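Please look through the model shown here with attention to one of its internal cavities, and then to the core, the loops and the confidence of the prediction. The paragraphs that follow take these topics in turn.

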Amino acid sequence: IFFRAYKMYCTVPNARYAAEETPRRPYVAVAGIASVIVIALLAWTSLGGRNEQVNMVFDPIGLKSMTRTAPPQAPLPRAPQMPASAPQPQRPFLQGAAAATSTLIGGTGAAVALEAGTTPPSMVTQLASDAWLDPELVTTFLAVAFVATCGGVIYNIATANDAEANYIQNIEAKNETTNVGSDKSRQLLGIKGALDDEVPLWKIRVQLTKPVTWVPLIWGVACGAAASGNFHWWNPFTIGQPGHIPLNLALSDYAKALTAMFMSGPLLTGYTQTINDWYDREIDAINEPYRPIPSGRITGPQVIAQIWVLLLAGVGVAAGLDYAAGHWFDGFSGVFLGPVQIPPIVANALFGAFVAYIYSAPPLKLKQSGWIGNYALGASYIALPWWCGQSLFGELNTEVMVLSVLYSLAGLGIAIVNDFKSIEGDRDMGLMSLPVQFGIEKAKWICAGTIDATQLAVALYLAYIGETNYAITLFGLVAPQMFFQLKFFLKNPLEFDVKYQASAQPFLVFGILCTALAMGHHQLVASTAAMM
């Protein structure tokens with residue numbers, strides 16, 4: 001579904017790129033082939049630490065890498081344990097990076113680390129035994145890559161001379177030769193360059209919700225389920241074996257996951273996009289006059305009614321998911337306002353709806369402030385759906401919350417990418433997006449640096465907690481993004497923004513899944529070690 005949506009996003013005619021429709025298709029094919037390789041790597045990583053002590057079960061996509069139900073018939077031999085007096089392996093750089101990253105994430109000692117779900121140094125050593133490469137070498141390499149990336153970005157920002165006039169001139173020349181609105185799919189998906197023909201009201205309502213933007217939220221729920229370590233995946237190859245997951249239990253988890261995806265995508269993301277279009281109708285009249293509201297295809301009362309229906313339906317589904325997860329009146333889940341308990345998924349939905357409102361509506365209208373608005377958007381697309389999935393199938397701990405919020409900085413960078421195409425309208429309406437504040441040349445380096453440095457920092461943290469194989473895989477997903485930035489985005493962010501997103505974003509979202517799988521695997525191994 002993800003790649004079909006992006007294929008439509010890339011290959012249908014566009015106001016700026018209609019002449020390049022055919023050349024863009026190979027890049028989507030390359031991203032699709034690469035995704036198959038990435039899935040194979042993630043599956044290999046999930047099975048790489050398989051051993052008799054942990055009692056692993058084959059998992060096609062890594063959503064559950066071991067079972068905790070049926071114990072073995074006979075006790076399995078444990079690995080030889082070092083006596084307390086035996087010297088521990090010394091890894092000076094790894095231990096130094098561990099201390100630094102622990103401070104960054106918020107851990108201040110072994111007790112805090114255990115409470116947050118991380119592992120003590122001895123477990124890092126245990127996990128390191130299954131690593132593909134030497135953990136200290138990987139940590140050193142990632143640290144050097146992170147510092148070099150930050151240094152290069154800072155240098156380019158400091159020395160950049162803005163050439164906005166050249167960018168605008170090239171885009172205007174391209175627009176003169178393109179044919180706007182020659183494909184009906186753009187109308188339904190809510191993508192720039194939609195048709196001007198009359199369409200049924202239900203299609204207009206769907207266009208208001210921008211279905212192409214549902215995908216990251218749906219993906220985020222899957223990542224949260226993976227990070228919980230408690231999603232049950234039915235495997236027909238383990239029927240009759242100890243620890244086999246019953247089909248009815250797996251189907252129950254599938255149903256809950258699909259319901260959460262429906263809530264996060266069509267309902268709450270649809271609410272977010274609809275309310276954003278309502279408050280941006282004057283800006284859209286400049287940047288995207290084909291949109292339903294500025295084109296007059298839908299009335300104001302109809303838009304307001306759609307906003308309320310989507311919001312109330314989203315919160316109602318969230319309440320049902322909390323009931324299915326057993327959160328209601330359990331005495332400890334969610335947010336407490338005095339004696340009143342708000343279950344976690346409902347609290348998450350209400351918080352996301354509030355952020356969406358203040359992002360689009362005056363007087364706050366966060367999107368006017370550049371940094372804050374872009375970060376709010378990035379967190380809404382990465383952290384909030386992750387929290388939803390993890391709360392549904394497990395417990396949301398401090399470490400995962402901090403890590404997902406940190407990863408939202410990459411979402412900030414993606415939000416900046418979307419600001420380049422609207423720079424003229426934003427300037428006319430007084431919206432202080434980063435391209436407006438810093439100019440195109442500096443903003444493109446801020447954008448690329450934020451995306452890359454965030455992911456490298458997360459990879460470094462995964463190496464610190466002993467998930468070396470996942471750290472290697474995450475770096476392998478960052479490298480193609482850097483390549484496409486150099487090939488497309490940094491060359492001309494106005495001309496190649498769509499091509500860059502179609503080529504690089506699949507690697508970004510697989511990186512989020514890789515991080516989620518790492519955290520799920522980490523919590524499972526930690527819980528197993530605690531029981532042994």
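The second largest cavity in this predicted model has a lining of 23 residues, and those that lie nearest its centre are Leu217, Leu268, Gly352, Ser380 and Leu384. Three elements, namely helix H11 (residues 247-279), helix H14 (residues 344-360) and helix H15 (residues 371-393), give two or more residues each to this lining, and among the contributors H14 gives the most, with 8 residues. In chemical character the lining of the second largest cavity divides into 16 nonpolar and 7 polar residues, with no charged residue present. The volume of this second largest cavity is about 300 Å³, and a search of the whole structure finds 4 cavities of 30 Å³ or more.

Leu217, one of the residues nearest the centre of that cavity, also appears among the neighbours of Ser264, a residue of helix H11. When residues up to four places away in sequence are set aside, Ser264 touches Leu217, Val221, Thr269 and Cys388. Is Ser264 buried or exposed? Ser264 is buried, because its relative accessible area is 6% and the cut-off for a buried residue is under 20%.

Helix H10 offers a further point of reference, since Gly220 is found there. Gly220 has a relative accessibility of 5% and therefore counts as buried; beyond four places in sequence, Gly220 touches Pro385 and Trp386. Gly220 can also be related to a distant part of the chain, for its C-alpha atom is separated by 9.4 Å from that of Ala516, although their positions lie 296 residues apart along the chain. A comparable pairing involves Thr140 in helix H6, which is 323 residues from Ala463 in sequence and 9.6 Å from Ala463 in space, C-alpha to C-alpha. Thr140 counts as partly exposed because its relative accessibility is 29%, a value that falls between the cut-offs of 20% and 50%. For the protein in general, among contacts between residues at least 6 apart in sequence, 74% join residues at least 24 apart.

In soluble globular proteins, nonpolar side chains tend to be buried together. Here the largest nonpolar core holds 62 residues, of which Tyr407, Leu462 and Tyr500 touch the most other members. At least two residues of this core come from each of helices H6 (135-159), H10 (214-228), H15, H16 (398-419), H18 (434-438), H19 (440-464), H20 (468-489) and H21 (497-531). The largest share, 14 residues, is supplied by H19. Of the 532 residues of the protein, 55% count as buried, and the secondary structure comes to 21 helices and 2 strands.

The loops hold several features of the backbone that deserve a careful look. Most residues other than glycine have a negative phi, and most peptide bonds are trans. Against that background, the loop between H14 and H15, where Pro363 lies, contains a cis peptide bond that joins Pro362 and Pro363, with omega about 10°. Lys365 is found in the loop between H14 and H15, and Lys365 has a positive phi of about 40° although it is not a glycine. Lys365 counts as buried because its relative accessibility is 9%. Phe329, in the loop between H13 and strand E1 (335-337), likewise has a positive phi, near 60°, in a residue other than glycine. Phe329, with a relative accessible area of 72%, is exposed.

How far the coordinates can be trusted depends on where one looks. The protein averages a pLDDT of 75, and 69% of the residues score at least 70. Confidence is highest in helix H13 (residues 300-325), at a mean of 96, and lowest in helix H4 (residues 110-116), at 37. Over residues 44-121 the pLDDT stays under 50, and the model has 109 contacts beyond four places in sequence for that stretch. Residues 173-182 also stay under 50 in pLDDT, with 20 contacts beyond four places in sequence in the model. Where pLDDT is low, the predicted coordinates should not be read in detail.

Notes
Residues are numbered from 1 along each chain as its sequence is written. This is a predicted model: local features need pLDDT of at least 70, side-chain atom pairs count only at pLDDT 80 or more; totals for chains, interfaces and linings use all residues. Side-chain values use heavy atoms; hydrogens and water are left out. On a 1 Å grid over the protein atoms alone, a cavity is a set of points where a 1.4 Å probe fits but cannot get out, and a pocket is an open set with protein on both sides within 12 Å along at least five of seven lines; lining residues have an atom within 4 Å of a point. Grid points are joined across faces, edges and corners, and a volume is the space filled by probe spheres set on the points. Helices (H or I, at least four residues) and strands (E, at least two) are DSSP runs, numbered from the N terminus. Ala, Val, Leu, Ile, Met, Phe, Trp, Tyr, Cys and Pro count as nonpolar, Asp, Glu, Lys and Arg as charged, and the others, Gly among them, as polar. pLDDT is the predictor's confidence in each residue, from 0 to 100. Contact means heavy atoms within 4.5 Å. A nonpolar core is a set of buried Ala, Val, Leu, Ile, Met, Phe, Trp, Tyr and Cys residues joined through side-chain atoms within 4.5 Å. Buried means under 20% relative accessible area, exposed over 50%, partly exposed in between (1.4 Å probe, protein chains only).
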